[in-house]
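Welcome, and please open your viewer. We will go from one selection to the next and look at what is there.

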Amino acid sequence: MGIGQDALMLHMDGYNCAQAVLASAGKLTGLDEAEALAMAAGFGGGLRCGEVCGAVSGAVMALGKCFPYNDSSDIEAKAKIAELARNFCCLLYTSDAADE
């Protein structure tokens, strides 16, 4: 199964969207399922206040794990994750992407 199918199965099992997406990306992120489920637990329901979709939060967390910015002097890494997250969110929230 792919990430999307895995995420769907986890969501059907009762996990929130952020948990389902982050845990499904484990082969890419190196996170084990239990760790990913725990990390993303508070991100469901739009950060528990109806804001950003949990699936988006989970995907952006996966991007952060795959393209880490964990050294404040690493300006290139900071720019890279910012660009990836921005492009991902723009793709999701444009009317063109919604129509496809």
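Start by selecting Ala18, Gln19, Leu22 and Ala23 in helix α2, then add Glu33, Ala36, Leu37, Met39 and Ala40 in helix α4: these two groups meet. Contact here means heavy atoms within 4.5 Å. Helices are DSSP runs (H or I, at least four residues), numbered from the N terminus.

Before going further, a word on what you are viewing: this is a predicted model, in which local features need pLDDT of at least 70 and side-chain atom pairs count only at pLDDT 80 or more, while totals for chains, interfaces and linings use all residues. Residues are numbered from 1 along each chain as its sequence is written, and side-chain values use heavy atoms, with hydrogens and water left out.

**Stop 1: α2 against α4**

Colour your selection by class, and the contact of α2 with α4 shows seven nonpolar, one polar and one charged residues. In this scheme Ala, Val, Leu, Ile, Met, Phe, Trp, Tyr, Cys and Pro count as nonpolar, Asp, Glu, Lys and Arg as charged, and the others, Gly among them, as polar.

Now show the whole helices, α2 as residues 17-24 and α4 as residues 33-40; their axes are 8 Å apart, at an angle of about 150 degrees. Axes are lines fitted to C-alpha atoms, for helices over the stretch in contact, and angles run from 0 to 180 degrees between N-to-C directions. α2 and α4 are therefore roughly antiparallel to each other. Angles under 35 degrees count as roughly parallel, over 145 as roughly antiparallel, 65 to 115 as roughly perpendicular and the rest as oblique.

**Stop 2: α1 against α2**

Keep α2 and add helix α1, residues 3-12; α1 and α2 pack with their axes 8 Å apart, at about 140 degrees. The pair is therefore oblique. To see the contact, select Ile3, Asp6, Ala7, Leu10 and His11 in α1 together with Cys17, Ala20, Val21, Ala23 and Ser24 in α2. By class, the contact of α1 with α2 holds seven nonpolar, two polar and one charged residues.

**Stop 3: the cysteines**

How many disulfides does a search of the whole structure find? The count is zero, with a disulfide taken as a pair of cysteine sulfur atoms within 2.5 Å. From Cys17, the nearest cysteine sulfur is that of Cys53, 5.2 Å away. Cys17 counts as partly exposed because its relative accessibility is 29%. Buried means under 20% relative accessible area, exposed over 50%, and partly exposed in between (1.4 Å probe, protein chains only).

**Stop 4: α6 against α7**

Next, select helix α6 (residues 54-66) and helix α7 (residues 75-93), whose axes come within 10 Å and cross at roughly 155 degrees. α6 and α7 are therefore roughly antiparallel to each other. Their contact is made by Val56, Ala59, Val60, Leu63 and Gly64 of α6 and by Ile81, Leu84, Ala85, Phe88, Cys89, Leu92 and Tyr93 of α7. The classes here are eleven nonpolar, one polar and no charged residues.

**Stop 5: Arg48**

Finish at Arg48, in helix α5 (residues 44-50). Is Arg48 buried or exposed? At 55% relative accessibility, Arg48 counts as exposed. Leaving aside neighbours within four places in sequence, Arg48 is in contact with Asn16, Ala41 and Gly42. For a last distance, pick the C-alpha atoms of Arg48 and Gln19: these residues are 29 residues apart along the chain, and the two atoms are separated by 13 Å.
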